[in-house]
Every structure is written in C-alpha cells, then in structure tokens.
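I opened my notebook for a look at how the parts of this chain meet and how its metals are held. Here is what I looked up, in order.

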Amino acid sequence: MKTIIQNGTIVTATDIYKADILIENGVITGITNHYSAAPDANVIDASGQYVFPGGIDVHTHLAWPFQSTGTADDFVSGTRAAAAGGITSIINFTNPKKGQTLLDNLQEWKKKGESSLIDYGFHSIISEYNEHVLEELPILADKEGITSIKLFMAYKGELMVNDREMYKILKRAGEAGIITNVHAENGDIIDELIAESLAKGNTEPIYHAYTRPPITESEATGRALAIAEAANAPIYIVHVSCADALQKVAEAKKRGVQVTAETCPHYLVLDESYLELPDFESGKYVCSPPLREKWNQDLLWKGIASGLISTVGSDHCPFLFEGQKTLGRDNFAKIPNGVPGLEDIFSIVYHFGVNEGRISLQKFVEVISTGPAKTFGLYPKKGSIGIGFDADLVLFNPNASRVITHKKQYQNVDYNLYEGMEIKGTITRVLSRGEEIVRDGYVIGEQGRGKFLFRNKVSKVHSTVSAI
Ligand code: DUC
Ligand code: ZN
Ligand code: ZN
C-alpha cells in the first residue's frame with residue numbers, strides 16, 4: 001500500500017520546506033517536489049498544513065501503581081489520548097514488585113503494552129538494589145532493547161535508592177549502554193518538611209509546594225549529576241521544574257557530564273498559584289516536583305531555546321479528581337502526586353512555544369520528537385521526516401483554533417489541567433507507520449496495533465546546546 005502526502009510544509013528539527021512524501025509499507029521511501037498520484041496510492045492533501053514528525057513522549061505512567069492507588073489511564077485509554085494529541089510513540093515506566101527480577105517485571109509490562117494503539121517502549125524502574133540487578137542490566141539492553149532505567153531520590157520506602165546504590169547502578173548501566181533517568185528531589189528532607197508541616201496543622205495543597213522547595217530539587221539534581229560524573233555514566237534528569245535545578249544541569253554540562261534534561265508542559269505554563277485555588281480545585285495540580293513561582297517559566301523556555309533542555313515529556317501520571325485526588329482533601333500528603341498531560345503536550349508546547357514567539361518551529365520539533373528519539377535510542381527510525389524513517393506523521397493546521405476541555409478528551413480523567421485555554425493550531429491527521437490513526441480529532445486506529453520498541457544502546461549523549 002502506497003500513501004502520498006501532497007503539498008504540505010515539512011518541518012524537521014533543522015529544516016522547513018514544501019514537498020510531497022511517499023510512504024510504502026509504513027516507511028518513508030521518497031520526498032520530492034511533486035508525486036503524481038499513482039492509481040494504487042492513497043493521496044492525502046496537506047495544503048496549508050505543517051507536516052511534523054510524530055511526537056515522542058518519553059515520560060508516561062500508564063497503568064502505574066503508585067502511592068496506594070494507580071493511574072487512571074491504562075494502555076487503551078492512554079494511547080488513544082496520546083494519538084489524538086499527536087504522540088506516536090511513548091516510553092512508559094514500569095514499576096517492579098518487591099523481590100521481582102527486572103526481567104520478570106518487564107515481561108508483565110510488555111503484556112500490558114500489547115493493547116497499545118501506538119508504538120511503546122519501557123524504562124525499567126529500579127527501586128530495590130541487589131547484585132542481581134547489576135547482572136540484569138546488560139541482558140536488558142542486549143536481549144530486550146531496554147536501554148534506559150529510572151532511579152528515584154525521593155519517595156522513601158516506595159521507590160527511593162541511596163547514593164551508593166545510585167553510583168553502582170549508574171556505573172553498570174553506563175557500561176551496558178543504558179541511560180539512567182533520575183527523579184531528583186531530596187526525599188529525606190521532604191519527608192521531614194512534610195512531618196513539620198502536618199504537625200503545625202498546615203494541611204492544604206499549597207503546603208505540597210512549601211514542603212518540596214526548589215532547594216530540595218536543586219540539591220538532588222546537583223548530587224545526581226556528581227554521582228553520574230563519578231560513575232562516568234550518561235544521565236537524564238526528568239521533569240526539571242525550576243531555575244535552580246536547571247543551573248545545576250548547566251554547570252554539569254560545562255564540566256563535561258553526560259547529561260540531558262527534560263521539562264514538562266505544566267512547568268512551562270502553570271505555576272504555584274494553582275495550588276491555592278479554592279474548594280480543593282488545587283488538588284488537581286499536585287505533582288512532584290511541584291508547580292513553581294511563575295518567574296521560573298521564562299528560564300525553562302530559555303533552557304529549551306538554548307538546547308540545555310532537549311526534551312519535553314508529559315510526566316502523564318493521571319488520577320481522577322473524584323475518588324483519587326480527593327483522598328487528600330484533609331491532608332495534602334495523601335493527594336496522589338501526578339497530573340495528566342499526554343493528550344495536550346504537543347499542542348501546549350506548540351502554542352505557548354511557537355505561537356508566543358519563545359521557540360522556533362524547528363526547536364518545537366527538536367524537543368517534541370527528535371531530541372527524545374536521539375536520547376533514548378530510537379533515532380534514525382523515529383524522530384524525523386526522511387527516507388527510511390517510520391512514517392509517524394502529524395498533519396497540523398496552524399490557522400484553526402480550539403479550546404481545551406475535559407469534555408472532549410480521550411484520557412480517562414474527569415478534568416483537564418489546561419481547561420479553557422485557547423490553542424491556535426489543530427491536529428488534522430495522525431499517521432503511525434503510514435496508517436492513519438486520527439482524522440479530524442477522532443481516533444480511528446485500532447487498539448493493539450502498536451509495536452514494542454526495541455531500542456538501540458546509548459553510546460553518546462545527545463546535545464544541541466548553543467550556549468551555556
Ligand atoms: N511525580 C509525579 O508527579 N507523579 C509520578 C511520580 C513523580 O515523580
Ligand atoms: Zn519523577
Ligand atoms: Zn514521572
């Protein structure tokens with residue numbers, strides 16, 4: 001089956017040009033000025049539209065058990081939401097059970113992934129250190145194509161590992177061609193600040209932010225980077241939320257640490273004041289790290305523009321407002337940490353980045369597709385538009401507008417973080433490996449068509465930094 005996309009404006013991380021795209025068997029096989037429609041070809045007219053590479057969201061928590069509950073989206077609702085929002089590949093976090101090997105745990109997650117609509121991979125979380133873990137790392141990379149893991153410096157008793165464990169794991173991971181994602185917050189200090197706050201009767205959601213101040217993130221970020229430096233290993237700092245933590249990334253990059261960094265749409269657009277909304281509306285915005293004072297946003301956007309931040313990931317960790325977020329109505333420490341974002345990440349970064357003049361079209365493609373593909377071993381199969389790439393494409397009308405509302409969303413959540421925001425630019429079609437899976441805002445692809453992503457080893461850290 002041949003598909004031709006005619007008359008669109010192709011946007012990659014480096015170029016913008018008008019051309020037609022020929023797709024055969026799910027792969028881009030030609031790009032030229034004009035293809036005349038062959039009788040056996042499906043022709044899609046993209047006049048007046050951008051053609052972007054599909055978004056790659058490397059930070060999702062679908063079907064994720066956490067804090068005595070579990071996220072509201074599974075691989076069915078979550079990947080439908082992703083597709084509707086222009087995301088054609090995800091990398092989801094696993095969550096190991098106590099005493100389970102990484103390899104056994106992975107098989108369970110691969111089973112869950114089979115219901116995906118789009119392509120999917122996994123980062124293996126390591127929350128329990130033992131010698132077996134170190135032995136499993138090369139097997140994960142060589143035999144399973146799992147070339148990233150994740151460590152937490154917070155959530156003691158559930159996920160947190162200590163510095164010595166981090167060092168050993170990072171070192172072995174680096175030797176095995178694996179990049180380590182790190183959640184950088186000082187869990188011990190945070191736990192003490194929470195205890196102090198509750199003892200004083202300070203239980204409202206704003207205290208979630210006050211008990212996780214920027215210093216707890218920047219200290220842990222600096223420490224994680226020092227550990228990676230000592231271990232001579234690549235590291236990916238997830239969800240950088242504030243200027244102080246970003247500064248630690250800049251300093252480490254200057255020293256030659258193999259670091260890449262991510263921020264999330266909510267840190268770019270929302271701020272700490274949402275945690276003071278009345279009637280427990282504030283509970284919807286509880287995530288970790290917390291939303292920060294507004295002035296940080298400008299520095300995060302500048303970090304994207306300069307290349308210091310190479311990826312925007314959603315940290316899609318959705319909980320229902322009724323029944324999940326409300327568990328913490330009387331105690332902020334009981335509100336499950338996490339917000340939905342997968343369905344809107346593409347639009348939010350485009351609108352507030354490109355339309356509002358903060359980043360170029362090419363930089364948008366870099367952080368939403370090319371950067372994550374390069375960092376996580378998916379390039380050059382995913383992450384751009386070129387001959388030999390999978391035909392994962394988003395057709396986008398920059399002149400149409402829409403208003404975000406939870407009433408018209410695929411994600412299984414009873415609210416939307418960006419409710420009421422007007423976005424200029426709409427997704428008209430999404431193709432995954434050449435197959436149309438979204439048309440005019442409706443998901444038309446079938447569940448279970450997504451493929452597991454066996455990823456390349458990470459030998460060199462991706463960097464596009466122009467100035468520090
Ligand atoms: N932060 C969240 O908000 N949710 C999931 C885990 C995390 O790190
Ligand atoms: Zn995290
Ligand atoms: Zn996360």
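**Entry 1: ground rules.** I take domain bounds from an automatic or database domain assignment. This is a predicted model, where local features need pLDDT of at least 70, side-chain atom pairs count only at pLDDT 80 or more, and totals for chains, interfaces and linings use all residues. I number residues from 1 along each chain as its sequence is written, letter chains from A and number ligands from 1 in the order in which they are written, and use heavy atoms for side-chain values, with hydrogens and water left out.

**Entry 2: the two domains.** I find domain 1 in three pieces, 2–52 + 390–399 + 423–443, and domain 2 at 54–375. Their C-alpha centres lie 31 Å apart. With contact taken as heavy atoms within 4.5 Å, I get 22 residues from domain 1 and 25 residues from domain 2.

**Entry 3: buried area.** I used the accessible area (1.4 Å probe) that two parts lose on being put together, summed over both. The two domains bury about 1900 Å² between them, and 69% of that is on carbon and sulfur atoms. In domain 1, the residues losing the most area to domain 2 are Ala 13, Ile 423 and Val 443, together 27% of what that side buries.

**Entry 4: polar links.** I counted a salt bridge when a side-chain nitrogen of Lys or Arg is within 4 Å of a carboxyl oxygen of Asp or Glu. The rule finds one across the interface of domain 1 and domain 2. I also looked up the side chains of Asp 119 and Arg 433, which meet in a salt bridge at 2.7 Å, N to O.

**Entry 5: zinc.** I accepted as donors N, O and S atoms within 2.8 Å of the metal (3.2 Å for Na, K and Ca); water is not among the atoms, so sites may look incomplete. Which residues coordinate the zinc ion (ligand 2)? His 183 (ND1) and His 239 (NE2) do, at 2.1 Å. His 183 lies in strand β12 (residues 179–183) and His 239 in the loop between β13 (235–237) and α8 (243–255), so the pair ties together parts that are 56 residues apart in sequence. For these elements I used DSSP runs, numbered from the N terminus: helices (H or I) of at least four residues and strands (E) of at least two.

The zinc ion (ligand 3) has His 59 (NE2), His 61 (NE2) and Asp 315 (OD) at 2.0 to 2.2 Å. I noted the donor spacing of ligand 3 along the chain as H-x1-H-x253-D. Last, I checked the two zinc ions, ligand 3 and ligand 2, against each other: they are 3.6 Å apart.
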